[in-house]
Amino acid sequence: MLELLNLSFRVAVDGKEKEIIKNVDLTVPDDKLIVVTGPNGGGKSTLAKLIAGIERSTSGRIIFKGEDITELGITERAKRGIAFAFQQPVKFKGIQVVDLLRIASGKELNASEACEFLSAVGLCARDYIGREINASLSGGELKRIEIATVLARGASLSIFDEPEAGIDLWSFRNLIEVFEQMRRGSKGGSIIIISHQERILNIADEIVVIKNGEILRRGPKDEVLPTLIGTSSAVVGCRKADAEGGEAIC
Amino acid sequence: MLKLDEIQKRLLAEVADLHAVPEGAYNIRSNSHAAGRQSTANIEITPKSDVPGIDIRIKPGTKNESVHIPVVLTESGLKEVVYNDFYIGEGADVVIVAGCGIDNCGNQDSQHDGVHRFFVGKNARIRYVEKHYGSGSGSGKRILNPGTEVYQDEGSIVEMEMVQIKGVDDTERTTSAELAAGAKLIVRERLMTHDDQRAISTYVVSLNGEGSSADVVSRSVAKDKSFQKFDAKIVGNAPCHGHTECDSIIMDGGRILAVPGLEANDLDAELVHEAAIGKIAGEQLVKLMTLGLTEQQAEEQIINGFLK
């Protein structure tokens, strides 16, 4: 279980202090899928980064599995079971897909084990395990590999920051399945997804709406989702051509 | 293996991946003496009579054979200049593994300057691997100054892999190549310097024949207070393609000077250079840390991948 207690995050902008996250209290129970939505710039991604330790909160506490992890760094939080999928996957030089999956899983992976994680995100392992994680991969491929590394972590809390951004339609359908499988999985993990895609909101156990750094509303999906339809917090996937000529979610 | 002690054997494993007597032709030089030599039906190795070094003659049409010519130095204060000439016959296709390992436990400098000349026949193809490695706790420096000259006949292909990852205090590498029509040169250099080390790598590649091409790529990491200079010049004297690239990571107080040079003396010479120097991207570290690595482990993974 994850608990955020009176969590705040302030930054200095042009000499003035700006509050990005304001006194947020939130509990994420075990085995639940929570989708955090809300207008752009409302603080959703920042909240996800505060939980993973990528940004450090200025006040408040973060309790994970009963332990106060507020002062712990990224590595320590990862070791305690927090996984994070970046909105913009990071590129490397020379590091291959299989290397990243190995690091993520914390053990030597054989080809069939690596294949499992890649197949789950719709990639054919044979074509990908030896590929370098660089600009030779498309945005959609990088994104799917990013999600595969989180699957490989087998973490007790997996956070996905806008997993649908830049992904093609086929993968998007696949993605929903990945999340549903994760939820059904026996690992007993919780999932936090930052998204305003209606179809992702639709698989949530609970929805949290964040606006101006504060929790505007939270509750079971069936209660919250109807209030969001037609707003920017619940976007129905539209089609547009992406840079590679395929269809993308926007 | 031969009459080598444990340190010499370890150096051989580092520079030539040799754990036993290699198959095929070889010449192992240890502390300025030949520790072993073998020719084959197609590859003849003979010592030079006027200067230290060997001649390696590879018969035309020789395929799928290899030559190992590693050098190890374990005596502190030893300084040597060695001249090795390779004559590669027409249409041959061989692998040549060189490399030098120095273990210096004393307080005098140890130095090996290897001058390698390659005369590559028509349509011949070679893959040349050269690894440099230094070890030993003495205050004496480990110095390696390789000089490489490559003369490529028409249609020949030379692939060179130059690796220096650890322990060499001072290096001045000079490589020159002259390419006839249709010849192709591919160079992959990987270099890491640490502590107070200094490494200078200079290339002059002359594309003299129509359709000749060169691709010279260096990936390097400068740590601590080390200094590197990468000076790569490609001269296009005919319709040709040339590409040079220096991609470097600096850490701590490391310094790198990249001096790309292109000289086009023919209207149809197409020459490109790329150079990038910078520290490890913060987001790469963060990504690996979210997978459970410490910052130091993340750095190691990034550098290992970069130099792979």
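With 250 residues, what radius of gyration would a compact globule have, and what does chain A have? A compact globule of that length would have a radius of gyration near 18 Å, and chain A has 18 Å, which agrees. This is a predicted model, which scores ipTM 0.91 and pTM 0.85.

**The two chains**

The secondary structure of chain A comes to nine helices and 12 strands, and its C-alpha trace spans about 45 × 40 × 40 Å along the principal axes. Chain B, by contrast in its make-up, has three helices and 21 strands. Its radius of gyration is 20 Å, close to the 19 Å that the globule rule gives for 308 residues, so chain B is as compact as a globular protein of that length. The C-alpha trace of chain B extends over about 55 × 55 × 35 Å along its principal axes. As for confidence, the mean pLDDT of chain B is 93, and 99% of its residues reach 70 or more.

**Where the chains meet**

Between the two chains, 19 residues of chain A are in contact with 16 residues of chain B. On the side of chain A that touches chain B, the elements giving two or more residues are helix H2 (74-79), H3 and H6 of chain A, and H2(A) gives the most, with four residues. By class, the residues on this side of chain A divide into 11 nonpolar, four polar and four charged.

**Helix packing**

Three helix pairs, two in chain A and one in chain B, are set side by side here.

| Helix pair | Crossing angle | Axis separation |
|---|---|---|
| H3(A) and H6(A) | about 30° | 7 Å |
| H4(A) and H6(A) | roughly 125° | within 8 Å |
| H2(B) and H3(B) | about 115° | 9 Å |

Helix H3 (residues 97-105) of chain A packs against helix H6 (residues 139-153) of chain A at an angle of about 30°, and the two are therefore roughly parallel to each other. H3(A) passes H6(A) in a right-handed crossing. From H3(A) the contact draws on A:Val97, A:Leu100, A:Leu101, A:Ala104 and A:Ser105, while H6(A) supplies A:Ile145, A:Ala148, A:Thr149, A:Ala152 and A:Arg153. Sorted by class, this contact of H3(A) with H6(A) has seven nonpolar, two polar and one charged residues.

H6(A) also takes part in a packing with helix H4 (residues 111-120) of chain A, in which the axes cross at roughly 125°, and that makes H4(A) oblique to H6(A). This crossing, too, is right-handed. Here A:Phe117, A:Leu118 and A:Ala120 in H4(A) meet A:Ala148, A:Leu151 and A:Ala152 in H6(A), and the contact has six nonpolar, no polar and no charged residues. A:Ala148 and A:Ala152 of H6(A) thus appear in the contact with H3(A) and again in the contact with H4(A).

In chain B, helix H2 (residues 282-290) and helix H3 (residues 295-306) pack at an angle of about 115°, with their axes 9 Å apart, and their crossing is right-handed. H2(B) contributes B:Gln284, B:Leu285, B:Leu288 and B:Met289 to the contact, and H3(B) contributes B:Glu295, B:Ala298, B:Glu299, B:Gln301 and B:Ile302. The residues of this contact divide into five nonpolar, two polar and two charged.

Note on methods: Residues numbered from 1 in each chain as written. Chains lettered and ligands numbered in written order. Predicted model: local features only at pLDDT ≥ 70, side-chain atom pairs only at ≥ 80, totals over all residues. Axes fitted to C-alpha atoms, helices over the stretch in contact; angles between N-to-C directions. Parallel < 35°, antiparallel > 145°, perpendicular 65-115°, else oblique. Left-handed = near helix turned anticlockwise from the far one by under 90°. Contact = placed C-beta atoms within 7 Å. Nonpolar A, V, L, I, M, F, W, Y, C, P; charged D, E, K, R; others polar. pLDDT = per-residue confidence, 0-100. Rg over C-alpha atoms; globule rule 2.2 N^0.38 Å.
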